[in-house]
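Open the model in your viewer and keep the selection tool at hand. The tour below goes from stop to stop, saying what to select and what is there.

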Amino acid sequence: MTKKIVTLAGDGIGPEIMDAGLKVLEAVAKKTGFDYEIDAQPFGGAAIDVFGEPLPAKTLNAAKNADAVLLAAIGAPKYENAKIRPEQGLLAIRKELGLFANIRPIRVHPALSHLSPLKVDKVKGIDFVIVRELTGGIYFGEPRVLEAEHAVDTNVYSADEIRRIATYAFELARTRRRKVTSVDKQNVLATSKLWRNVVEDVHKNYPDVTLEHQLVDSCAMILITDPKRFDVIVTENLFGDILSDEASVLPGSLGLMPSASHGARKGSAGGGNPSLYEPIHGSAPDIAGKGIANPLAMILSVAMMLGQSFGDLTAQKLIESATDSVLTSGILTPDLGGNASTEEVTGAVVQWLMSKE
Ligand code: NAD
Ligand code: IPM
Ligand code: MN
(Lines give C-alpha, C1' and ligand atoms only; values in the text may rest on other atoms or scores of the structure.)
(Ligands and ions follow the chains in the order given, each with its own letter.)
Protein backbone atom coordinates (compact mmCIF):
# COMPACT_ATOMS: atom_id res chain seq x y z
CA MET A 1 0.00 0.00 0.00
CA THR A 2 1.21 3.50 -0.78
CA LYS A 3 2.63 5.17 2.33
CA LYS A 4 1.73 8.80 2.91
CA ILE A 5 4.58 11.01 4.07
CA VAL A 6 3.82 14.58 5.10
CA THR A 7 6.80 16.90 4.65
CA LEU A 8 7.30 20.15 6.55
CA ALA A 9 10.23 21.98 4.96
CA GLY A 10 9.91 25.12 7.10
CA ASP A 11 12.43 27.95 7.07
CA GLY A 12 16.06 28.88 6.45
CA ILE A 13 18.01 25.85 5.24
CA GLY A 14 14.84 23.75 5.76
CA PRO A 15 13.74 23.65 2.10
CA GLU A 16 17.35 23.00 0.94
CA ILE A 17 17.84 19.97 3.15
CA MET A 18 14.30 18.66 2.64
CA ASP A 19 15.03 18.63 -1.08
CA ALA A 20 18.16 16.58 -0.36
CA GLY A 21 16.31 14.13 1.89
CA LEU A 22 13.60 13.57 -0.72
CA LYS A 23 16.14 12.95 -3.49
CA VAL A 24 17.73 10.24 -1.37
CA LEU A 25 14.31 8.79 -0.49
CA GLU A 26 13.48 8.61 -4.19
CA ALA A 27 16.76 6.85 -4.96
CA VAL A 28 16.44 4.26 -2.19
CA ALA A 29 12.77 3.63 -3.04
CA LYS A 30 13.79 2.79 -6.60
CA LYS A 31 16.12 0.16 -5.19
CA THR A 32 13.77 -1.38 -2.65
CA GLY A 33 10.38 -0.83 -4.29
CA PHE A 34 9.13 1.31 -1.37
CA ASP A 35 5.84 2.84 -2.49
CA TYR A 36 5.08 6.31 -1.12
CA GLU A 37 3.53 9.68 -1.83
CA ILE A 38 4.62 13.08 -0.53
CA ASP A 39 2.22 15.68 0.83
CA ALA A 40 4.16 18.95 1.38
CA GLN A 41 2.52 21.24 3.95
CA PRO A 42 3.25 24.79 5.14
CA PHE A 43 4.84 25.00 8.59
CA GLY A 44 6.82 27.38 10.80
CA GLY A 45 7.66 30.87 9.59
CA ALA A 46 6.66 29.94 6.06
CA ALA A 47 3.14 29.23 7.36
CA ILE A 48 3.01 32.37 9.55
CA ASP A 49 3.76 34.49 6.48
CA VAL A 50 0.82 33.05 4.51
CA PHE A 51 -1.72 31.89 7.11
CA GLY A 52 -0.76 33.91 10.20
CA GLU A 53 0.02 30.77 12.24
CA PRO A 54 2.94 28.31 12.33
CA LEU A 55 0.79 25.16 12.43
CA PRO A 56 -2.34 25.72 10.31
CA ALA A 57 -5.22 23.28 10.95
CA LYS A 58 -4.81 21.87 7.47
CA THR A 59 -1.15 21.03 8.14
CA LEU A 60 -1.93 19.41 11.48
CA ASN A 61 -4.74 17.42 9.96
CA ALA A 62 -2.52 16.15 7.16
CA ALA A 63 0.17 15.22 9.69
CA LYS A 64 -2.32 13.32 11.87
CA ASN A 65 -3.46 11.31 8.87
CA ALA A 66 0.01 10.53 7.53
CA ASP A 67 2.03 7.34 7.95
CA ALA A 68 5.07 9.44 8.91
CA VAL A 69 6.05 13.10 9.11
CA LEU A 70 9.37 14.50 7.90
CA LEU A 71 10.37 17.91 9.25
CA ALA A 72 13.41 19.92 8.16
CA ALA A 73 13.82 23.06 10.30
CA ILE A 74 11.97 26.19 11.39
CA GLY A 75 12.84 29.63 12.74
CA ALA A 76 14.24 32.92 11.50
CA PRO A 77 15.65 36.08 13.09
CA LYS A 78 12.72 38.21 11.89
CA TYR A 79 10.38 36.44 14.36
CA GLU A 80 12.70 36.93 17.33
CA ASN A 81 10.41 39.34 19.18
CA ALA A 82 7.21 38.49 17.35
CA LYS A 83 4.06 37.44 19.23
CA ILE A 84 3.66 34.38 17.04
CA ARG A 85 6.87 32.42 16.49
CA PRO A 86 7.72 29.43 14.29
CA GLU A 87 8.94 27.51 17.36
CA GLN A 88 5.38 27.49 18.74
CA GLY A 89 4.38 25.38 15.74
CA LEU A 90 7.13 22.87 16.49
CA LEU A 91 6.07 22.49 20.12
CA ALA A 92 2.41 22.29 19.09
CA ILE A 93 2.89 19.52 16.54
CA ARG A 94 4.93 17.45 19.02
CA LYS A 95 2.18 17.89 21.62
CA GLU A 96 -0.71 17.30 19.21
CA LEU A 97 0.84 14.07 17.92
CA GLY A 98 1.75 13.00 21.46
CA LEU A 99 5.40 12.51 20.53
CA PHE A 100 6.85 12.05 24.00
CA ALA A 101 9.98 10.09 23.07
CA ASN A 102 12.64 11.93 21.09
CA ILE A 103 15.48 9.63 20.04
CA ARG A 104 18.78 11.31 19.21
CA PRO A 105 21.54 8.85 18.26
CA ILE A 106 25.18 9.92 18.40
CA ARG A 107 27.73 7.94 16.40
CA VAL A 108 31.18 9.11 15.43
CA HIS A 109 32.19 8.16 11.92
CA PRO A 110 35.83 6.92 11.89
CA ALA A 111 36.74 9.22 8.98
CA LEU A 112 35.60 12.23 11.01
CA SER A 113 37.10 11.48 14.41
CA HIS A 114 39.94 13.92 13.67
CA LEU A 115 37.36 16.74 13.26
CA SER A 116 36.18 16.47 16.84
CA PRO A 117 37.70 19.01 19.25
CA LEU A 118 38.42 16.02 21.51
CA LYS A 119 41.43 13.73 21.10
CA VAL A 120 40.83 10.95 18.58
CA ASP A 121 41.02 8.12 21.14
CA LYS A 122 38.26 9.81 23.17
CA VAL A 123 35.79 9.90 20.29
CA LYS A 124 36.56 6.82 18.18
CA GLY A 125 33.79 4.29 18.69
CA ILE A 126 31.30 6.61 20.41
CA ASP A 127 27.82 5.14 20.04
CA PHE A 128 25.06 6.31 22.36
CA VAL A 129 21.48 7.54 22.20
CA ILE A 130 19.84 10.43 24.00
CA VAL A 131 16.21 9.70 24.85
CA ARG A 132 14.71 13.12 25.43
CA GLU A 133 11.26 13.52 26.99
CA LEU A 134 9.54 15.78 24.47
CA THR A 135 6.02 16.74 25.51
CA GLY A 136 6.39 17.76 29.16
CA GLY A 137 8.54 19.73 31.55
CA ILE A 138 9.30 23.41 31.45
CA TYR A 139 8.47 23.65 27.73
CA PHE A 140 4.78 23.18 28.45
CA GLY A 141 4.20 23.89 32.17
CA GLU A 142 1.68 26.52 33.31
CA PRO A 143 1.69 29.25 34.48
CA ARG A 144 3.91 31.02 32.00
CA VAL A 145 4.21 34.77 32.55
CA LEU A 146 6.20 37.45 30.82
CA GLU A 147 5.98 40.98 32.19
CA ALA A 148 8.42 43.86 32.04
CA GLU A 149 9.90 43.16 35.49
CA HIS A 150 8.78 39.61 36.16
CA ALA A 151 8.71 36.28 34.33
CA VAL A 152 7.67 32.75 35.22
CA ASP A 153 8.17 29.36 33.58
CA THR A 154 6.89 26.24 35.26
CA ASN A 155 8.48 22.79 35.25
CA VAL A 156 5.85 20.08 35.65
CA TYR A 157 6.16 16.30 35.43
CA SER A 158 3.68 13.62 36.38
CA ALA A 159 4.88 10.17 37.44
CA ASP A 160 3.10 8.73 34.37
CA GLU A 161 5.05 10.96 32.00
CA ILE A 162 8.31 9.89 33.63
CA ARG A 163 7.28 6.22 33.70
CA ARG A 164 6.60 6.02 29.97
CA ILE A 165 9.85 7.69 28.89
CA ALA A 166 11.87 5.61 31.38
CA THR A 167 10.22 2.45 30.06
CA TYR A 168 11.11 3.54 26.53
CA ALA A 169 14.75 4.02 27.54
CA PHE A 170 15.04 0.64 29.31
CA GLU A 171 13.44 -1.15 26.35
CA LEU A 172 15.85 0.57 23.99
CA ALA A 173 18.81 -0.33 26.22
CA ARG A 174 17.80 -3.99 25.93
CA THR A 175 18.43 -3.81 22.18
CA ARG A 176 21.87 -2.24 22.81
CA ARG A 177 24.53 -2.50 25.54
CA ARG A 178 22.01 -2.62 28.41
CA LYS A 179 23.03 0.52 30.23
CA VAL A 180 20.83 3.52 31.07
CA THR A 181 22.13 6.82 32.41
CA SER A 182 19.28 8.85 33.87
CA VAL A 183 20.05 12.56 34.03
CA ASP A 184 18.36 14.92 36.49
CA LYS A 185 19.01 17.74 38.98
CA GLN A 186 17.81 15.77 41.98
CA ASN A 187 19.92 17.81 44.42
CA VAL A 188 17.74 20.88 43.72
CA LEU A 189 14.53 20.26 41.76
CA ALA A 190 11.34 18.60 43.01
CA THR A 191 10.57 17.37 39.48
CA SER A 192 13.98 15.70 39.46
CA LYS A 193 13.40 14.01 42.81
CA LEU A 194 10.21 12.50 41.37
CA TRP A 195 12.10 11.66 38.16
CA ARG A 196 14.74 9.69 40.04
CA ASN A 197 12.21 7.82 42.20
CA VAL A 198 10.11 6.80 39.21
CA VAL A 199 13.14 5.75 37.13
CA GLU A 200 14.34 3.56 40.02
CA ASP A 201 10.90 2.03 40.24
CA VAL A 202 10.74 1.27 36.50
CA HIS A 203 14.24 -0.20 36.71
CA LYS A 204 12.87 -2.99 38.93
CA ASN A 205 11.30 -4.45 35.77
CA TYR A 206 14.67 -4.39 33.98
CA PRO A 207 17.17 -6.13 36.28
CA ASP A 208 19.24 -7.07 33.20
CA VAL A 209 19.88 -3.37 32.45
CA THR A 210 22.43 -1.34 34.45
CA LEU A 211 21.11 2.00 35.71
CA GLU A 212 23.26 4.93 36.76
CA HIS A 213 22.13 8.41 37.76
CA GLN A 214 23.99 11.59 36.82
CA LEU A 215 23.26 15.16 37.79
CA VAL A 216 22.90 17.22 34.64
CA ASP A 217 25.85 19.51 35.36
CA SER A 218 28.29 16.65 35.83
CA CYS A 219 26.76 14.82 32.85
CA ALA A 220 27.59 17.85 30.70
CA MET A 221 31.20 17.44 31.81
CA ILE A 222 31.37 13.66 31.29
CA LEU A 223 30.00 14.10 27.75
CA ILE A 224 33.34 15.78 27.02
CA THR A 225 35.72 13.88 29.32
CA ASP A 226 34.43 10.32 28.88
CA PRO A 227 31.63 10.12 26.28
CA LYS A 228 32.25 6.44 25.52
CA ARG A 229 30.76 5.40 28.87
CA PHE A 230 27.24 6.20 27.65
CA ASP A 231 24.81 3.79 25.99
CA VAL A 232 21.31 5.23 26.56
CA ILE A 233 20.87 8.61 28.25
CA VAL A 234 17.32 9.42 29.38
CA THR A 235 16.38 12.88 30.54
CA GLU A 236 13.73 15.58 30.71
CA ASN A 237 12.84 17.92 27.87
CA LEU A 238 15.11 20.92 28.58
CA PHE A 239 18.17 18.93 29.70
CA GLY A 240 17.82 16.71 26.61
CA ASP A 241 17.70 19.73 24.32
CA ILE A 242 20.91 21.17 25.75
CA LEU A 243 22.87 17.93 26.14
CA SER A 244 22.10 16.81 22.59
CA ASP A 245 23.49 19.99 21.03
CA GLU A 246 26.55 19.54 23.24
CA ALA A 247 26.84 15.93 22.09
CA SER A 248 26.73 17.01 18.43
CA VAL A 249 30.23 18.36 18.87
CA LEU A 250 31.50 14.79 19.25
CA PRO A 251 30.76 13.65 15.66
CA GLY A 252 31.94 17.02 14.36
CA SER A 253 28.79 18.95 13.41
CA LEU A 254 25.14 19.54 14.25
CA GLY A 255 24.59 18.84 10.56
CA LEU A 256 25.11 15.12 11.17
CA MET A 257 22.51 14.56 13.87
CA PRO A 258 19.13 13.04 12.98
CA SER A 259 16.24 12.30 15.34
CA ALA A 260 13.00 10.37 15.61
CA SER A 261 10.02 11.26 17.79
CA HIS A 262 7.50 8.60 18.79
CA GLY A 263 4.21 8.57 20.65
CA ALA A 264 2.18 5.80 22.20
CA ARG A 265 1.73 2.65 20.15
CA LYS A 266 -1.45 2.05 18.14
CA GLY A 267 -4.14 0.61 20.32
CA SER A 268 -2.95 2.20 23.58
CA ALA A 269 -4.43 5.39 25.06
CA GLY A 270 -3.69 8.36 22.78
CA GLY A 271 -1.79 6.00 20.49
CA GLY A 272 -1.69 5.56 16.75
CA ASN A 273 -0.33 8.91 15.62
CA PRO A 274 2.52 8.90 13.10
CA SER A 275 6.11 9.37 14.21
CA LEU A 276 8.05 12.46 13.19
CA TYR A 277 11.63 12.58 11.92
CA GLU A 278 13.81 15.70 11.96
CA PRO A 279 17.43 16.81 12.25
CA ILE A 280 18.21 18.15 15.72
CA HIS A 281 19.63 21.38 14.29
CA GLY A 282 17.72 24.52 13.44
CA SER A 283 17.18 26.63 10.35
CA ALA A 284 20.80 27.91 10.38
CA PRO A 285 19.95 31.47 9.20
CA ASP A 286 23.67 32.28 8.89
CA ILE A 287 24.09 29.90 5.94
CA ALA A 288 20.53 29.77 4.54
CA GLY A 289 20.30 30.23 0.78
CA LYS A 290 24.02 29.62 0.23
CA GLY A 291 23.64 25.99 -0.82
CA ILE A 292 26.21 24.79 1.71
CA ALA A 293 24.05 23.28 4.46
CA ASN A 294 25.05 19.77 5.47
CA PRO A 295 22.16 17.56 4.28
CA LEU A 296 23.25 14.44 6.19
CA ALA A 297 21.20 15.01 9.37
CA MET A 298 18.10 15.24 7.16
CA ILE A 299 19.14 12.27 5.03
CA LEU A 300 19.80 10.19 8.16
CA SER A 301 16.37 11.24 9.49
CA VAL A 302 14.87 9.77 6.30
CA ALA A 303 16.82 6.57 7.05
CA MET A 304 15.42 6.45 10.61
CA MET A 305 11.91 6.93 9.17
CA LEU A 306 12.30 3.99 6.80
CA GLY A 307 13.58 1.74 9.59
CA GLN A 308 11.36 2.82 12.46
CA SER A 309 8.03 3.75 10.81
CA PHE A 310 8.12 1.35 7.86
CA GLY A 311 10.19 -1.51 9.27
CA ASP A 312 12.50 -1.32 6.25
CA LEU A 313 15.85 -1.95 7.89
CA THR A 314 17.45 -2.72 4.52
CA ALA A 315 16.64 0.75 3.22
CA GLN A 316 17.83 2.33 6.48
CA LYS A 317 21.14 0.47 6.33
CA LEU A 318 21.56 1.30 2.64
CA ILE A 319 21.28 5.04 3.34
CA GLU A 320 23.58 4.81 6.35
CA SER A 321 26.19 2.94 4.31
CA ALA A 322 25.88 5.55 1.57
CA THR A 323 26.44 8.45 3.97
CA ASP A 324 29.35 6.60 5.64
CA SER A 325 30.95 6.06 2.27
CA VAL A 326 30.51 9.71 1.23
CA LEU A 327 32.08 10.87 4.49
CA THR A 328 34.96 8.42 4.04
CA SER A 329 35.60 9.69 0.52
CA GLY A 330 35.93 13.22 1.92
CA ILE A 331 33.01 14.87 0.14
CA LEU A 332 32.26 17.27 2.99
CA THR A 333 30.29 20.48 3.46
CA PRO A 334 32.07 23.47 5.09
CA ASP A 335 30.80 22.65 8.62
CA LEU A 336 33.03 19.55 8.35
CA GLY A 337 35.97 21.46 6.91
CA GLY A 338 35.22 20.64 3.25
CA ASN A 339 34.04 22.74 0.35
CA ALA A 340 31.32 20.57 -1.17
CA SER A 341 27.83 22.00 -1.63
CA THR A 342 24.57 20.52 -0.31
CA GLU A 343 23.83 19.34 -3.84
CA GLU A 344 27.23 17.70 -4.28
CA VAL A 345 26.98 15.73 -1.03
CA THR A 346 23.40 14.71 -1.86
CA GLY A 347 24.42 13.76 -5.40
CA ALA A 348 27.23 11.58 -4.02
CA VAL A 349 24.83 9.78 -1.67
CA VAL A 350 22.35 9.20 -4.51
CA GLN A 351 25.10 8.00 -6.83
CA TRP A 352 26.36 5.50 -4.25
CA LEU A 353 22.80 4.17 -3.81
CA MET A 354 22.20 3.87 -7.55
CA SER A 355 25.50 2.05 -8.06
CA LYS A 356 24.49 -0.69 -5.57
CA GLU A 357 23.23 -3.96 -7.01
P1 NAD B 1 20.99 26.22 14.45
O2 NAD B 1 20.99 24.78 14.78
O3 NAD B 1 20.07 26.65 13.37
O4 NAD B 1 22.48 26.68 14.05
C5 NAD B 1 23.58 26.61 14.97
C6 NAD B 1 24.89 26.62 14.16
O7 NAD B 1 25.03 25.36 13.50
C8 NAD B 1 24.92 27.67 13.06
O9 NAD B 1 26.21 28.17 12.92
C10 NAD B 1 24.54 26.88 11.81
O11 NAD B 1 25.07 27.41 10.61
C12 NAD B 1 25.12 25.51 12.11
N13 NAD B 1 24.32 24.46 11.46
C14 NAD B 1 23.12 23.99 11.87
N15 NAD B 1 22.67 23.07 11.01
C16 NAD B 1 23.61 22.95 10.03
C17 NAD B 1 23.72 22.15 8.86
N18 NAD B 1 22.78 21.27 8.51
N19 NAD B 1 24.83 22.32 8.09
C20 NAD B 1 25.78 23.18 8.44
N21 NAD B 1 25.75 23.95 9.53
C22 NAD B 1 24.67 23.84 10.33
O23 NAD B 1 20.69 26.98 15.80
P24 NAD B 1 20.40 28.56 16.06
O25 NAD B 1 21.21 29.38 15.14
O26 NAD B 1 20.53 28.72 17.51
O27 NAD B 1 18.86 28.72 15.70
C28 NAD B 1 18.38 29.23 14.46
C29 NAD B 1 16.87 29.09 14.43
O30 NAD B 1 16.52 27.69 14.37
C31 NAD B 1 16.17 29.62 15.68
O32 NAD B 1 14.99 30.26 15.25
C33 NAD B 1 15.83 28.37 16.49
O34 NAD B 1 14.71 28.53 17.32
C35 NAD B 1 15.56 27.38 15.38
N36 NAD B 1 15.72 25.97 15.73
C37 NAD B 1 14.86 25.11 15.11
C38 NAD B 1 15.00 23.75 15.32
C39 NAD B 1 14.10 22.82 14.58
O40 NAD B 1 13.50 23.21 13.59
N41 NAD B 1 13.96 21.59 15.01
C42 NAD B 1 16.04 23.26 16.11
C43 NAD B 1 16.93 24.17 16.71
C44 NAD B 1 16.75 25.54 16.50
C1 IPM C 1 15.18 21.25 19.06
C2 IPM C 1 14.97 22.75 19.09
C3 IPM C 1 13.61 23.10 19.63
C4 IPM C 1 13.54 22.62 21.07
C5 IPM C 1 13.22 24.59 19.57
C6 IPM C 1 13.41 25.17 18.20
C7 IPM C 1 11.82 24.82 20.04
O8 IPM C 1 15.99 23.38 19.79
O9 IPM C 1 14.40 20.55 18.40
O10 IPM C 1 16.13 20.76 19.66
O11 IPM C 1 14.01 23.30 21.99
O12 IPM C 1 13.02 21.51 21.26
MN1 MN D 1 17.61 22.06 20.34
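Does Arg 178 count as buried, partly exposed or exposed? Select Arg 178 and show its surface: with a relative accessibility of 35%, this residue counts as partly exposed. Bear in mind throughout that this is a predicted model.

**Stop 1: two residues with positive phi**

Stay on Arg 178, which sits in the loop between α6 (159–174) and β8. Its phi is positive, about 60 degrees, although Arg 178 is not a glycine. Most residues other than glycine have a negative phi. Now select Ala 284, in the loop between β12 (275–279) and α10. Ala 284 is not a glycine either, and its phi is positive at about 40 degrees.

**Stop 2: a cis peptide bond**

Select Glu 142 and Pro 143 together and look at the bond that joins them. Most peptide bonds are trans. The one from Glu 142 to Pro 143 is cis, with omega near 5 degrees. Pro 143 belongs to strand β6, which covers residues 141–147.

**Stop 3: helix α1 and helix α10**

Select residues 14–32, which form helix α1, and then residues 296–308, which form helix α10. Two packed helices are described by the angle between their axes and the distance between the axes. For α1 and α10, the axes come within 8 Å and cross at roughly 45 degrees. An angle from 35 to 65 degrees is neither roughly parallel nor roughly perpendicular, and α1 and α10 are therefore oblique to each other. The crossing of α1 past α10 is right-handed.

Show the side chains where the two helices meet. On the α1 side, the residues include Ile 17, Met 18, Ala 20 and Gly 21, and further along Val 24, Leu 25 and Val 28. On the α10 side they are Met 298, Ile 299, Val 302, Met 305 and Leu 306. Sorted by class, this contact has 11 nonpolar residues, 1 polar residue and no charged ones.

**Stop 4: helix α1 and helix α11**

Keep α1 selected and add residues 313–328, helix α11. Here the axes are 10 Å apart and the packing angle is about 130 degrees. That makes α1 oblique to α11. This crossing, too, is right-handed. The contact consists of Val 24, Val 28 and Thr 32 from α1, together with Ala 315, Leu 318 and Ile 319 from α11. By class there are 5 nonpolar residues, 1 polar residue and no charged residues in it. Val 24 and Val 28 of α1 take part in the contact with α10 and also in the contact with α11.

**Stop 5: the buried face of helix α8**

Select residues 216–225, helix α8, and colour Val 216, Cys 219, Ile 222 and Leu 223, which are buried. Turn the view to look down the axis of α8. The buried residues fall within an arc of 110 degrees, so they line one face of the helix. An α-helix has 3.6 residues a turn, so residues three or four places apart point the same way.

What do the buried residues of α8 pack against? Add the four strands β5 (127–133), β8 (179–184), β9 (210–215) and β10 (232–235), and then helix α9 (237–247): these are the elements they pack against.

**Stop 6: two buried serines**

Select Ser 182, in strand β8. Its relative accessible area is 0%, so Ser 182 is buried. Leaving out residues up to four places away in sequence, Ser 182 touches Trp 195, Val 199, Leu 211, Glu 212, His 213, Gln 214 and Val 234.

Next select Ser 113, which is in the loop between β4 (101–107) and α5 (120–123). Ser 113 has a relative accessible area of 3% and is buried.

**Stop 7: two residues with more surface**

Select Glu 343 in helix α12 (residues 342–355). At 64% relative accessibility, Glu 343 is exposed. Draw a distance from its C-alpha atom to that of Pro 295: the gap is 8.5 Å, with the two positions 48 residues apart along the chain. Finish at Ile 84, in the loop between β3 (68–73) and α4 (86–96). Ile 84 is partly exposed, at 38% relative accessibility. Not counting residues up to four places away in sequence, Ile 84 touches Ile 48, Gly 52, Pro 54 and Tyr 79. Its C-alpha atom is separated by 38 Å from that of Val 28, 56 residues apart along the chain.

Technical notes: Residues are numbered from 1 along each chain as its sequence is written. Chains are lettered from A and ligands numbered from 1 in the order in which they are written. This is a predicted model: local features need pLDDT of at least 70, side-chain atom pairs count only at pLDDT 80 or more; totals for chains, interfaces and linings use all residues. Side-chain values use heavy atoms; hydrogens and water are left out. Axes are lines fitted to C-alpha atoms, for helices over the stretch in contact, and angles run from 0 to 180 degrees between N-to-C directions. Angles under 35 degrees count as roughly parallel, over 145 as roughly antiparallel, 65 to 115 as roughly perpendicular and the rest as oblique. A crossing is left-handed if the near helix is turned anticlockwise from the far one by less than a right angle, and right-handed if clockwise. Contact means heavy atoms within 4.5 Å. Ala, Val, Leu, Ile, Met, Phe, Trp, Tyr, Cys and Pro count as nonpolar, Asp, Glu, Lys and Arg as charged, and the others, Gly among them, as polar. Buried means under 20% relative accessible area, exposed over 50%, partly exposed in between (1.4 Å probe, protein chains only). The arc is that of the directions from the helix axis to the C-beta atoms.
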